[in-house]
Amino acid sequence: MSTHASQSFLEEKGKYPGIFSWIFSTDHKRIGILYLVSMLSFFAVGVMLGIMIRLELIAPGQTIMPPQMYNAIFTLHGVIMIFLFVIPGLAAPFGNFFLPILIGAKDVAFPRLNLLSWYLFVGGAAIVILSLFTGGGPPDTGWTFYVPYSLRTGTNVTLAVFGAFVLGFSSILTGVNFVSTIHMLRAPGMKLSQMPLFPWTLYATGWVQILATPILSITLLLIILERVFGIGLFEASKGGDPVLYQHLFWIYSHPAVYIMILPAMGAISEMIATFSQKRVFGYKAMVAATLSIAFVGYLVWGHHMFVSGQSDMAVIIFSLLTFLVAIPSGVKVFNWVATLYKGRISLEPPMLFSLSFIFLFSIGGLSGLVQGALATDIHVHDTTFVVAHFHYVMFGGTGFAFFGALHYWFPKMFGKMYNKKVASVAWAIMFVGFNVLYFPMFIMGMRGMPRRYYDYLPEFQPLHFLSTVGSWILVTGIIILFTNLIVALRRNNRAPANPWNGATLEWKIPSPPPLENFDEEPKITGGPYEFTR
Amino acid sequence: MQETTALIHDHAIPAQGAKIGMWLFLFTELLLFGGMFLLYAVYRMLYPTDFHYAATDLNVFVGTINTIILLTSSLTMALSIAALERGNKKLSLAMLAITIICGLIFMVNKYFEWTTKFHHGIYPGSEALEARSHGENLFYGLYFVMTGLHGLHVLIGMIVLAVLFVFIMKNPHEKIALSSHQLKGILGSRLSIMNANNKTLWQSDLIDKNLKEMRVELRYEDHKKDKINHRDLIKLENGGLYWHLVDIIWIFLFPLFYLIT
């Protein structure tokens with residue numbers, strides 16, 4: 001064979017030296033790692049802000065910060081975690097790295113556009129961070145930028161909103177790129193019905209990104225125009241309707257929830273199949289569920305506004321549609337469990353994360369139905385019940401899937417194996433910490449503890465205290481997890497090409513993959529999950 | 001065993017890919033304006049009479065002229081693409097120039113239209129406007145945001161078309177030079193030119209460590225000023241798609257603002 005097969009994309013010297021070989025590279029694998037590193041940096045900042053929120057709430061009254069700072073910090077925690085971590089989520093790092101490989105392609109359809117979308121991501125992030133230190137100080141509106149407050153506050157909302165606008169562009173370009181890639185570049189013989197499930201979820205996500213994000217762009221643009229020119233489209237004193245802002249915002253931001261969770265579900269399907277050494281149960285049902293979650297998810301935004309003033313008819317329809325989303329989600333959970341049934345299960349670290357994903361996501365999803373039901377929503381609306389719900393879905397769901405995927409694909413991406421025992425311990429600590437942190441919020445919310453409040457009645461203190469202790473446990477787990485991975489990068493414990501006996505295409509090439517991914521264009525004859533024993 | 005690196009004979013897939021990408025991008029543009037049309041629909045329903053009165057102040061004549069100009073520009077855009085397809089570079093460039101000029105005239109008209117409104121004291125947050133009813137305020141708010149956003153798109157379209165004009169005008173000349181470190185990935189292989197049946201027409205010597213640089217150059221007859229680079233055609237088609245989109249949006253803006261009296 002020729003010599004170049006032995007050289008991985010990490011060793012390959014590009015046109016430019018040093019760091020430029022990364023930030024000027026259009027190789028989808030390098031861009032994936034760029035996303036991974038930048039997102040994890042923002043994640044670290046978001047975690048620290050979250051810890052500060054919890055620490056402030058450990059006791060009633062002022063503990064470590066004044067109220068205005070508290071408002072700014074929970075806003076930043078939301079903006080950073082949502083726009084800079086869970087929206088790029090699994091799609092940007094793992095999607096970029098593995099989508100072309102999983103469908104047998106050399107790269108994405110538009111590699112330069114791909115690099116541009118990372119530039120926009122970093123640029124948007126820089127603008128958001130700049131908004132903290134300039135103008136009237138960090139925004140204090142909450143990540144939703146609800147009018148009329150976002151139009152009146154003296155803090156630097158304009159710049160922060162512009163940053164989110166730029167991030168939206170990055171997201172759109174990634175979506176356009178992935179959808180085109182899946183249509184144009186599948187390996188010869190790979191029908192859509194033979195694609196692994198992770199690419200399928202990226203496909204559905206791509207469409208949601210294309211069809212939903214522009215609405216956010218125009219909404220954010222309007223906030224900027226309102227603040228600068230005072231047009232009055234959302235200003236009640238000028239005849240505008242503030243509730244319309246909420247509609248426009250959630251027309252994007254509810255589908256965005258599926259941008260966050262769908263790729264996570266895809267990665268979970270890959271891991272469950274590999275660690276059960278079994279074909280995914282009900283492949284076609286999984287694909288149908290993915291597409292229908294994306295579709296129905298587009299039509300349920302009104303459930304964020306049950307108490308904001310909509311007609312009774314609208315409220316009932318939105319509630320009904322919300323319950324409909326639970327059906328495909330339930331299909332997925334059922335199929336994962338059915339895949340486990342009679343499988344050869346090995347409890348490697350990625351599998352631990354996957355199993356806990358199913359557990360936590362189910363709690364998150366079922367608690368979502370409590371809020372989707374009209375009567376109960378009025379009781380729990382804007383309480384910590386909601387906070388617990390979306391942390392179970394976004395962190396227990398997407399977050400745990402992210403760490404699972406990181407452990408699943410780490411050996412492939414970097415060609416090194418981490419210490420599995422330490423990884424499992426980190427998972428166990430995180431799992432315990434997570435539940436101690438967020439489960440008390442369900443109880444407090446039911447009892448009437450409002451979200452986003454700086455102060456609270458003394459009767460909530462024991463649960464708040466417990467929750468804060470949970471945040472310490474969780475963060476310990478996260479630190480162990482990353483230390484373990486960083487140590488693995490420095491050590492030279494080489495990973496084999498296929499450490500998990502996976503069946504999809506990425507396991508058929510060396511770890512880390514060569515620059516061109518495949519020496520020979522793969523020819524696809526069977527389904528994606530044909531495990532060899 | 002020596003591996004061959006085939007560089008020539010490309011199936012026309014990338015062209016199709018670029019078009020899919022463009023169509024997806026156009027979806028996003030439609031939805032961007034979709035949010036504004038949604039706001040328009042709601043406020044028009046809430047304040048039908050105010051919208052009626054406010055619209056009487058808009059100059060239907062200028063609006064009509066602008067509509068005709070943009071429709072003409074769409075025609076010349078389509079003609080420019082058709083001419084390039086048929087290999088008539090001069091005609092294509094002329095049509096493209098007319099398209100850009102139409103865009104420019106549209107923007108000049110828009111400028112005078114807006115400044116006239118400003119002279120009458122009608123702009124967001126003005127006193128004259130605040131004295132009027134809520135519905136009229138919202139009408140003008142929507143008017144400035146939507147036509148402003150549309151004007152921005154016309155401007156971007158003009159810039160894109162101007163860049164394409166330069167691309168098409170230039171005589172095609174393609175060159176690639178790979179230096180030794182870029183060749184590392186294909187050490188031990190040969191450069192070859194194959195036809196569609198994988199028959200080798202020419203094959204280079206082995207690419208080894210001693211190779212300093214690899215250059216491939218396509219040169220065309222100097223007097224053939226009308227030679228067309230086929231990649232430009234794809235770009236022009238995509239540019240045309242964008243221009244038509246901008247046009248279509250105006251086709252909706254015109255009746256919604258000017259003709260509802």
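B:Ser192 stands opposite B:Gln203, a residue of strand S4 of chain B. This is a predicted model. Strand S3 (residues 189–194) of chain B and strand S4 (residues 200–203) of chain B pair in the antiparallel sense. Three bridges link them. Five residues sit between the two strands in this hairpin. One residue of the hairpin, B:Asn198, takes a positive phi near 60°.

**Chain B: domains and one helix residue**

The domain assignment of chain B gives two entries: domain 1 (21–173 + 224–258) and domain 2 (174–218). Taken over C-alpha atoms, the centres of domain 1 and domain 2 of chain B are 47 Å apart.

Helix H3 (residues 60–85) of chain B holds B:Leu79. Is B:Leu79 buried or partly exposed? B:Leu79 counts as partly exposed, because it has 17 C-beta neighbours inside 10 Å and a buried residue needs 20 or more. B:Leu79 and B:Ala94 are 15 residues apart in sequence. In space, 9.8 Å separate them, C-alpha to C-alpha.

**Chain A: overall form**

Chain A has 16 helices and zero strands. The C-alpha atoms of chain A fill a box of roughly 75 × 50 × 45 Å along the principal axes. A compact globule of 533 residues would have a radius of gyration near 24 Å, and the 23 Å of chain A agrees with that. Of the 533 residues of chain A, 54% count as buried. Take the contacts in chain A between residues at least 6 apart in sequence: 84% of these join residues at least 24 apart.

**Where the chains meet**

In chain A, 34 residues are in contact with 33 residues of chain B. Helices H7 (157–184), H8 (197–229) and H9 (242–276) of chain A are the elements that give two or more residues to this side of chain A. Which helix gives the most? H8 of chain A does, with nine residues. By type, the residues on this side of chain A divide into 19 nonpolar, 11 polar and four charged.

**The largest nonpolar core**

In soluble globular proteins, nonpolar side chains tend to be buried together. The largest nonpolar core here has 201 residues. A:Ala267, A:Ile268, A:Ala401, A:Ala405 and B:Leu142 touch the most other members. H9 of chain A gives the most to this core, with 21 residues. Leaving aside neighbours within four places in sequence, A:Ala405 is in contact with A:Leu90, A:Phe94 and A:Ala267.

**Backbone exceptions in chain A**

Most residues other than glycine have a negative phi, and most peptide bonds are trans. Several places in chain A depart from this, as the table shows.

| Residue or bond | Backbone angle | Place in chain A |
|---|---|---|
| A:Val147 to A:Pro148 | cis, omega near -5° | A:Pro148: loop between H5 (111–133) and H6 (149–152) |
| A:Ser511 to A:Pro512 | cis, omega about -15° | A:Pro512: segment after H16 (461–490) |
| A:Phe145 | positive phi near 50° | loop between H5 and H6 |
| A:Gln277 | positive phi near 50° | loop between H9 and H10 (283–296) |

The loop between H5 and H6 of chain A holds A:Phe145 and also A:Pro148. A:Phe145 counts as buried, because it has 22 C-beta neighbours inside 10 Å. A:Gln277 is partly exposed, with 18 other C-beta atoms within 10 Å.

Notes:
Residues numbered from 1 in each chain as written. Chains lettered and ligands numbered in written order. Predicted model: local features only at pLDDT ≥ 70, side-chain atom pairs only at ≥ 80, totals over all residues. Helix = DSSP H or I, 4+ residues; strand = E, 2+ residues; numbered from the N terminus. Rg over C-alpha atoms; globule rule 2.2 N^0.38 Å. Buried ≥ 20, exposed ≤ 12 C-beta atoms within 10 Å, placed from the backbone. Contact = placed C-beta atoms within 7 Å. Pairing = 2+ DSSP bridges. Domains from an automatic or database assignment. Nonpolar A, V, L, I, M, F, W, Y, C, P; charged D, E, K, R; others polar. Core = buried A, V, L, I, M, F, W, Y, C linked by C-beta atoms within 7 Å.
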